[in-house]
Structure formats: structure tokens, C-alpha cells
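Thanks for coming. I will take a few minutes to walk through one structure, and you can follow along on the screen.

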Amino acid sequence: MVPEHRLEMTNIDIPVRAPALTSVDDTILPFEVAALDSRGRVVRLGPSIDTILAAHDYPPPVAKLLGEAVVLTVLLGSALKIEGRFILQTQTDGPVRMLVVDFTTPDRMRACARFDGDAVAAAIAAGQADSGALLGRGLLAMTIDQGADMNRYQGVVALDGGGLEAAAHEYFRRSEQIPTRVRLAVGEEVSAGHGGARHSWRAGGVLLQFLPKAAERMRTADLDPGDAPEGTAPHQVQEDEAWVEGRAMVDSVEDVELIDSAVSSERLVYRLFHERGVRVFRDAPIRAQCSCSRDGVGAMLRSFSVDDRKHMVKDGEITVTCEFCSSTYVFRPEEVADAQ
Ligand SMILES: [Zn+2]
């Protein structure tokens with residue numbers, strides 16, 4: 001990544017400018033805090049997340065949860081150096097049994113959820129519709145798919161009632177062994193418009209990783225006690241001070257700062273790290289765009305047996321609705337008959 005826009009707040013001889021005031025929606029902004037040996041990204045989603053969530057019309061807590069999954073997916077997928085797809089998927093025993101977010105490099109994303117409507121309504125009525133409760137327990141899988149001839153990489157981590165932030169921390173601790181902190185936020189903005197108030201979804205997130213040159217500085221304190229005998233004092237690990245400081249900064253970010261269109265991504269990282277000096281890189285766009293097409297759906301229908309297709313016909317037509325973007329495709333049976 002080319003360090004285009006330098007936002008140096010230290011007094012070394014690099015051109016300095018003030019952080020941009022206004023937010024640029026639907027972008028991801030990489031940054032570096034060299035003094036803390038840390039790098040990160042801020043994602044800010046406006047129209048793109050509203051497009052995805054409005055297309056589904058899920059109950060608001062489900063939309064919020066899916067929005068969090070989208071933010072996490074963009075934070076992780078946008079860092080891939082390869083061309084391909086990054087797919088984040090949950091499979092759990094809670095009211096929301098599945099989330100799928102599909103990120104295609106460099107900038108396209110789509111997402112959907114499967115849930116039990118009655119169980120979601122009951123959770124809302126009981127005041128237990130936070131993300132962790134909606135998910136319940138199960139697995140979070142992250143897959144990198146580089147195309148037909150390439151190996152797929154999959155990382156899996158347990159979801160344990162704690163939500164997506166907690167699962168991300170656990171994944172990086174166990175699998176990647178990189179100290180990582182993530183904050184995710186999703187909210188609804190109400191603006192006055194013609195014909196009444198308009199609701200739109202906004203989302204944002206920040207990720208920070210501690211990447212010192214010396215690997216022994218990356219130890220973290222929250223490791224399992226292991227098979228230490230009962231009553232043994234837990235092994236006290238002295239975490240690196242730079243990481244303790246960086247992590248605390250990310251933990252201090254409030255939801256409203258991540259979704260407020262009046263706080264630009266640059267101002268957010270400046271607010272957090274200006275005492276240490278922070279450099280931002282060129283931001284990159286993110287857009288909501290599904291990969292479904294009439295040709296693709298037609299090919300999928302042709303792959304079914306004649307008998308299966310016959311059962312799909314209703315009022316002389318086969319109607320397929322994309323689960324990701326809610327686009328509807330209508331075919332006459334003869335259009336998707338087997339090729340002769
Ligand atoms: Zn679609």
C-alpha cells in the first residue's frame with residue numbers, strides 16, 4: 001500500500017496535514033502507529049450497509065448483528081493480498097442460526113442471515129436480543145477461496161455466547177497468534193426527508209494488530225492456565241506496554257464514534273493515537289454488490305433434474321429470489337429445460 005496521505009502528528013520531516021473533517025462513507029482506511037509497533041484499519045459503511053440491510057428487512061436486532069458481521073468481514077477481507085473471496089459464516093444454536101458474508105476482493109460484499117422468526121421475536125420481547133444472545137453457541141468459519149484450482153483455506157473458532165468481537169479476538173489469539181483488537185458498531189440514523197423521517201443503517205469498525213519485529217513481545221496475558229494444579233497462582237505474563245496501550249485505545253472507542261458521519265475515519269485515528277503519531281494510507285472503496293445474475297441462476301436451475309424443476313413451477317413460472325440481495329428472477333420452464 002502506498003502511503004499517499006500522510007497524517008503525521010509527530011515532528012519528523014514528513015509532510016503533515018490536518019485530518020480530514022468529513023467522513024468518506026464506504027471506505028476502509030489503513031493506518032500505522034509506528035511508536036506502538038501497531039497497524040490497523042478503520043472501516044466506515046454508509047450507503048453500502050444500508051443497501052444490504054434494507055434489501056432484507058430483517059428484524060432490527062438481526063440486521064444489526066448481520067451488520068457487525070459485515071464490518072468484521074470487511075476489516076479482515078480487505079487485508080488479503082490475494083484475489084478471491086473471503087467468506088465469513090456462522091452456524092449456531094441461537095435464534096439466528098446462520099450468517100453469511102461474502103467479500104470479493106478488492107471491494108465487493110454481500111450478506112444474508114437465516115433465523116427463526118418466532119425465536120427472534122421471543123428474544124426481543126425478553127430483552128435478550130444482543131448479538132451474543134442471538135447467535136448462541138456454535139462456530140464461526142472464515143474461508144478464503146481463490147478459485148476452482150486453488151486450495152481453500154479455512155479458519156474456525158468457537159462462538160460461545162460472546163458475540164463476534166470476542167470470537168475475532170479468540171481466533172487471532174489461537175490461530176494467528178497476533179495480538180488483535182476489534183471494535184464493531186452498527187446503528188440506525190434517522191434523518192428528516194420528504195414524506196417523513198428516513199431510517200438508514202450505518203456501520204463502522206476498527207481493528208488494531210500488534211506487529212513488533214521481535215516475536216517474543218507478542219505474548220498475551222489471557223492464555224488458558226493449562227494443566228496447572230488446582231490452586232496454583234495463574235502464570236503472570238507481562239504484556240508488552242506498547243500493546244497494552246494500543247489495545248486500551250481501541251477498547252475506548254465508543255459505538256457512536258464508529259458510526260457518526262461527523263467523525264471522519266482520519267479524525268477517529270487521530271483522536272486515538274495523536275500522542276504517538278499516526279500515519280494513514282490511501283483509503284479504498286467498499287461497495288455492496290451481489291454476484292448473482294440471470295445467467296447464473298438459469299445455469300443453477302438447469303443443473304436440477306427435470307422432476308425437481310417440475311416441482312418448482314408455480315403458475316407456469318419458476319421464480320428464484322437471491323438470498324443475498326433479494327433480486328427476483330422469473331423463468332418460463334422451457335427457458336431452463338435441459339440443453340438438447
Ligand atoms: Zn443476489
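I will go through the sheet, a hairpin, the cavity, the pocket and then the metal site. Keep in mind throughout that this is a predicted model.

Let me begin with the sheet. As general background, strands of a sheet pair through backbone hydrogen bonds, either parallel or antiparallel. Here we have an open sheet of six strands, and its order is β7-β6-β3-β4-β5-β12, with mixed pairing. Which strands stand at the edges? They are β7 and β12; each has a single partner strand, so one side of each has no neighbour in the sheet.

Now we can walk across it from the β7 end. Strand β7, residues 153-160, runs antiparallel to β6, and eight bridges join the two. On the other side of β6 comes strand β3, residues 85-92, again antiparallel and again with eight bridges. If you want one residue to hold on to, take L140 in β6. Across from L140 in one direction is V157 in β7, and in the other direction L140 faces T90.

Further along are β4 and β5, which are antiparallel and joined by eight bridges. A hairpin of three residues connects these two strands. One bridge pair to note here is D102 with R110, the latter in β5. Then we reach the far edge, where β5 and β12 run parallel, with two bridges between them. At that place R108 stands opposite R287 in β12.

One contact of a helix with this region can be given as a distance. L72 sits in helix α2, and its C-alpha atom is 8.7 Å from that of L88, although the two residues are 16 apart along the chain. Is L72 buried or exposed? Its relative accessibility is 0%, so L72 counts as buried.

There is another antiparallel pair to mention. Strand β8, residues 180-193, pairs with strand β9, residues 196-210, over 14 bridges. A185 has G204 in β9 as its bridge partner. The two strands form a hairpin with two residues between them, and G195 in the turn has a positive phi of about 75 degrees.

Next, empty space. In general, rolling a probe the size of a water molecule over the atoms shows where empty space is left. How many cavities of 30 Å³ or more does a search of the whole structure find? The search finds one, and the volume of this largest cavity is about 40 Å³. Its lining consists of D102, T104, R108, M109, R110, Q289 and S291. You will recognise D102 and R110 as the bridge pair from before. Both β4, residues 96-104, and β5, residues 108-115, supply at least two lining residues, and β5 gives the most, with three. By class, the lining has three charged residues, three polar ones and one nonpolar one.

The open space is a separate matter. The largest pocket holds about 830 Å³. It is lined by 34 residues, and the closest to its centre are R41, L76, A79, L80 and K81. Several elements give two or more residues to this lining, among them helices α2 and α5 and strands β1, β2 and β6. Of the lining residues, 22 are nonpolar, seven are charged and five are polar.

Last, the metal site. Which residues are the protein donors of the zinc ion? They are C290, C292, C322 and C325, each through its SG atom, and these lie 2.3 Å from the ion. The donor atoms subtend angles of 102 to 113 degrees around the zinc; four donors count as tetrahedral when all angles fall between 85 and 135 degrees, so this arrangement is tetrahedral.

Along the sequence, the donor residues follow the spacing C-x1-C-x29-C-x2-C. The long gap in that pattern links distant parts of the chain: C292 is in the loop between β12 and α9, while C322, 30 residues apart from it, is in the loop between β13 and β14. How accessible are these two? C292 has 22% relative accessibility and so counts as partly exposed. C322 has a relative accessible area of 13%, and the limit for buried is under 20%, so C322 is buried.

That is the end of the tour.

Definitions and conventions:
Residues are numbered from 1 along each chain as its sequence is written. This is a predicted model: local features need pLDDT of at least 70, side-chain atom pairs count only at pLDDT 80 or more; totals for chains, interfaces and linings use all residues. Side-chain values use heavy atoms; hydrogens and water are left out. Donors are N, O and S atoms within 2.8 Å of the metal (3.2 Å for Na, K and Ca); water is not among the atoms, so sites may look incomplete. Four donors count as tetrahedral if all angles lie between 85 and 135 degrees; four count as square planar and six as octahedral if opposite donors are over 155 degrees apart and all others between 65 and 115; anything else is irregular. Helices (H or I, at least four residues) and strands (E, at least two) are DSSP runs, numbered from the N terminus. Buried means under 20% relative accessible area, exposed over 50%, partly exposed in between (1.4 Å probe, protein chains only). On a 1 Å grid over the protein atoms alone, a cavity is a set of points where a 1.4 Å probe fits but cannot get out, and a pocket is an open set with protein on both sides within 12 Å along at least five of seven lines; lining residues have an atom within 4 Å of a point. Grid points are joined across faces, edges and corners, and a volume is the space filled by probe spheres set on the points. Ala, Val, Leu, Ile, Met, Phe, Trp, Tyr, Cys and Pro count as nonpolar, Asp, Glu, Lys and Arg as charged, and the others, Gly among them, as polar. Two strands pair if DSSP finds at least two bridges between them.
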